[in-house]
Structures are given as structure tokens and as C-alpha cells.
Amino acid sequence: MITAGRDLYDDPRFFEGYRRLRDSGAGINDAIEIPAMSRMLPPVAGAAVVDLGCGTGALARRLADAGAAQVLAVDSSQRMLALATPHPRVRYLHADLDELTLPGRSADLVVSSLVLHYVADYPGLVRRVAHWLRPRGRFVFSIEHPVCTAADPMTGWRQTGEGTVWPVDDYASEGPRTQNWIVEGVEKYHRQMATLIGCLLDAGLELTGIDEPVPGAADLQSHPHLAEHLRRPPLLVLGVRLLPNVTSARR
């Protein structure tokens with residue numbers, strides 16, 4: 001059975017496994033992804049923010065605490081939203097990102113943390129984000145690195161005679177991939193680096209930052225298992241800005 005990303009976090013087996021992973025601190029979120037996103041984010045004082053795939057709302061609440069005037073936190077999982085802590089400047093919305101529509105020029109910042117590899121129509125979502133952003137508005141997101149999503153299926157590290165290797169195969173063949181991660185048959189989408197960045201440029205967005213973060217020395221001391229991520233980048237972080245002369249973007 002294949003489970004699409006919009007349904008994955010409502011699967012009770014996956015949900016419990018994911019909670020255990022996050023509680024253990026064994027994943028890449030705390031040590032690698034959150035610091036990398038924080039470095040890429042602009043100042044948010046007074047900003048109207050949209051968080052795509054907010055989960056339990058941790059990033060949304062951090063942005064509100066940092067001074068954002070309002071944060072619309074969107075997720076397709078009712079289980080995740082049920083665990084979200086209320087915040088006076090955060091509004092939670094249950095919605096599928098592939099179908100989400102918002103008013104034009106209503107956001108100063110759109111963020112997304114390790115979610116867009118679940119989205120089927122990445123070019124369409126990028127166009128919609130460009131439509132939502134105000135002039136010079138920013139879009140910052142993290143996504144699984146294309147070298148991680150390339151192989152079909154996503155088998156992970158493979159044993160060889162001398163150790164392990166990470167296969168980068170079928171890179172140019174974009175589209176859905178399946179992976180056994182916590183549960184069997186998780187569906188994700190692979191896109192080349194050129195597609196990920198090219199769709200942003202085509203929508204009138206200007207690249208402001210790019211990062212392929214890996215664990216630092218302090219992270220490796222406390223979590224030695226993270227050393228495998230020095231061998232290939234686990235995620236990609238991109239930051240873009242709406243060009244000031246772009247007055248309309250296709251939805």
C-alpha cells in the first residue's frame with residue numbers, strides 16, 4: 001500500500017513512530033534542519049506569515065514569538081493539528097497544500113519545513129506562493145535533498161563489499177518515489193535541483209540563499225549517528241524573494 005504525503009501523518013502507525021523519532025532527538029530536525037532554516041529566515045517583526053505544512057506548529061509559534069504579527073499555520077493532518085499549542089498570533093488551518101488558495105499579496109513571508117517533497121504539483125504551488133507574497137516578500141523552505149530522493153524506489157544506504165554507499169540513480173527521471181520510512185510505502189516526489197530552483201525563477205522569485213546543511217562538531221559529539229550525513233547532504237534549504245517589478249503571478 002502506498003500512502004500519499006497528505007494522508008501520511010494521519011496514519012496511526014506512522015504517527016506514533018514519528019512521535020517517538022522526534023521525542024528521541026535521533027532525526028535531523030533539531031540538529032540540522034531547524035538551525036539551517038533559522039539562518040535563512042529574514043527578520044519577522046510585524047510580518048504576516050504563512051507556514052505550509054506546519055505539523056504541530058513549532059515553527060509557527062517560534063515566528064510569532066519572534067515578532068510576527070500573524071501566522072497562518074496550514075497542515076493536511078488533523079492528528080498533527082490536534083497537538084498544536086494555541087498561540088494568540090497563530091491561526092491553524094486544516095487544508096491540503098495542493099489545493100490551498102489565499103488572497104493575493106497577503107503575506108510578507110511564506111515558510112515550509114521538510115514538506116514540499118510530499119507535494120505533487122510543486123510548480124503550481126510555487127506560482128501560488130508568488131501570488132500570495134507582497135513585493136519583496138520572502139519564501140524560505142527546506143526539502144529532502146535531490147540526491148536523497150533520486151533512486152526509485154528510495155532504498156537508502158546500500159551495503160557493498162567495502163561498506164555502504166548512497167545510490168544516486170534515476171536522477172533525471174522526476175516524479176513520485178516510494179520509501180519505507182517508519183511504515184512501508186511512503187510516497188514522496190523527486191525533482192532535480194534545476195527544477196526546484198528553475199520553478200522559483202520562472203515565478204518571478206529571486207534566489208537569496210541556498211544551503212546544504214550537515215551536522216556540526218557539537219552535534220556529532222551528542223549524536224554520533226548523524227555522521228552519515230557528512231557523506232551526502234540530507235536536505236536542501238532555499239530562500240527567495242519576490243522581485244519588486246512582479247505585479248502578478250499565475251495561480
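## A walk through the model, starting at glutamate 144

Glutamate 144 is buried, because its relative accessible area is 17% and buried means under 20%. Keep in mind as you look around that this is a predicted model.

Where does glutamate 144 lie? You'll find glutamate 144 in strand β5, which covers residues 133-144. Its side chain has a partner: a polar contact of 2.3 Å joins glutamate 144 to the side chain of lysine 188. If you skip the neighbours within four places in sequence, glutamate 144 is in contact with Leu114, His117, Thr149, Met154, Gln179, Lys188, Pro234 and Leu235.

Lysine 188 turns up again with a ring. It lies over the face of tryptophan 181, at 4.8 Å from the ring centre. So lysine 188 gives you a link from the glutamate to the aromatic residues, our next stop: it shares a polar contact with glutamate 144 and sits over the face of tryptophan 181.

### Rings

How many aromatic pairs are there? The count is 9 aromatic pairs. Here are two of them, side by side.

| Aromatic pair | Arrangement | Centre to centre | Angle between planes |
|---|---|---|---|
| Tyrosine 9 and tyrosine 118 | edge-to-face | 6.2 Å | 85° |
| Phenylalanine 14 and tyrosine 18 | stacked | 5.9 Å | 15° |

The angles explain the labels: tyrosine 9 and tyrosine 118 have 85° between their planes, and planes over 60 degrees apart count as edge-to-face. For phenylalanine 14 and tyrosine 18 the angle is 15°, and under 30 degrees counts as stacked.

Now look at where the partners sit along the chain. Tyrosine 9 is in the loop between α1 (5-8) and α2 (12-24), while tyrosine 118 is in the loop between β4 (107-113) and α6 (122-132), so this pair ties together parts that are 109 residues apart in sequence. Phenylalanine 14 and tyrosine 18, on the other hand, are both in helix α2, 4 residues apart, which is about one turn of the helix.

Are these rings buried or exposed? Tyrosine 9 and tyrosine 118 are both buried. Phenylalanine 14 is buried too, because its relative accessibility is 0%, and so is tyrosine 18, with a relative accessible area of 12%.

Which residues form one aromatic cluster? They are Tyr9, Phe14, Tyr18, Tyr118 and Trp181. There's Trp181 again, the ring that has lysine 188 over its face. Elsewhere, arginine 79 lies over the face of phenylalanine 15, at 5.7 Å from the ring centre.

### Nonpolar cores

The largest nonpolar core has 33 residues, and Leu52, Phe139, Leu200 and Leu205 are those with the most contacts inside it. Several elements chip in: β1 (48-52), β2 (70-75), β4, α6, β5, α8 (193-202) and β11 (235-242) each supply at least two residues of this core. Which element gives the largest share? That is α6, with 6 residues.

Try picking out leucine 205 in the structure. Leaving aside neighbours within four places in sequence, leucine 205 is in contact with Val126, Ala130, Leu133, Leu200, Val240, Arg241 and Leu242. A second core, separate from the largest one, has 27 residues, and among them are Ile28, Leu63, Leu109 and Leu226.

### Cysteines

How many disulfides does a search of the whole structure find? The answer is 0 disulfides. Take cysteine 148: its nearest cysteine sulfur belongs to cysteine 199 and is 20 Å away. A disulfide needs sulfur atoms within 2.5 Å, so that distance rules out a bond. Cysteine 148 counts as buried because its relative accessible area is 7%. Cysteine 54 is buried as well, at 8%.

### Backbone details in the loops

A few spots in the backbone deserve a look. The peptide bond from aspartate 152 to proline 153 is cis, with omega near 0°. Proline 153 is in the loop between α7 (146-149) and β6 (158-160).

Then there are two residues other than glycine with a positive phi: aspartate 170, where phi is near 60°, and isoleucine 182, where phi is near 75°. Aspartate 170 lies in the loop between β7 (163-165) and β8 (175-181), and isoleucine 182 in the loop between β8 and β9 (183-190). Aspartate 170 is partly exposed, with a relative accessible area of 35%. Isoleucine 182 also counts as partly exposed, because its relative accessibility is 37%.

Terms used: Residues are numbered from 1 along each chain as its sequence is written. This is a predicted model: local features need pLDDT of at least 70, side-chain atom pairs count only at pLDDT 80 or more; totals for chains, interfaces and linings use all residues. Side-chain values use heavy atoms; hydrogens and water are left out. Buried means under 20% relative accessible area, exposed over 50%, partly exposed in between (1.4 Å probe, protein chains only). A polar contact is a pair of N or O atoms within 3.5 Å; within protein, one must be able to donate a hydrogen and the other to accept it, and residues adjacent in sequence count only if both atoms are side-chain atoms. Contact means heavy atoms within 4.5 Å. Rings of Phe, Tyr and Trp (its six-membered ring) pair if their centres lie within 6.5 Å; planes under 30 degrees apart count as stacked, over 60 as edge-to-face and the rest as tilted. A charge sits over a ring if NZ of Lys or CZ of Arg is within 6 Å of the ring centre and within 35 degrees of the ring normal. A nonpolar core is a set of buried Ala, Val, Leu, Ile, Met, Phe, Trp, Tyr and Cys residues joined through side-chain atoms within 4.5 Å.
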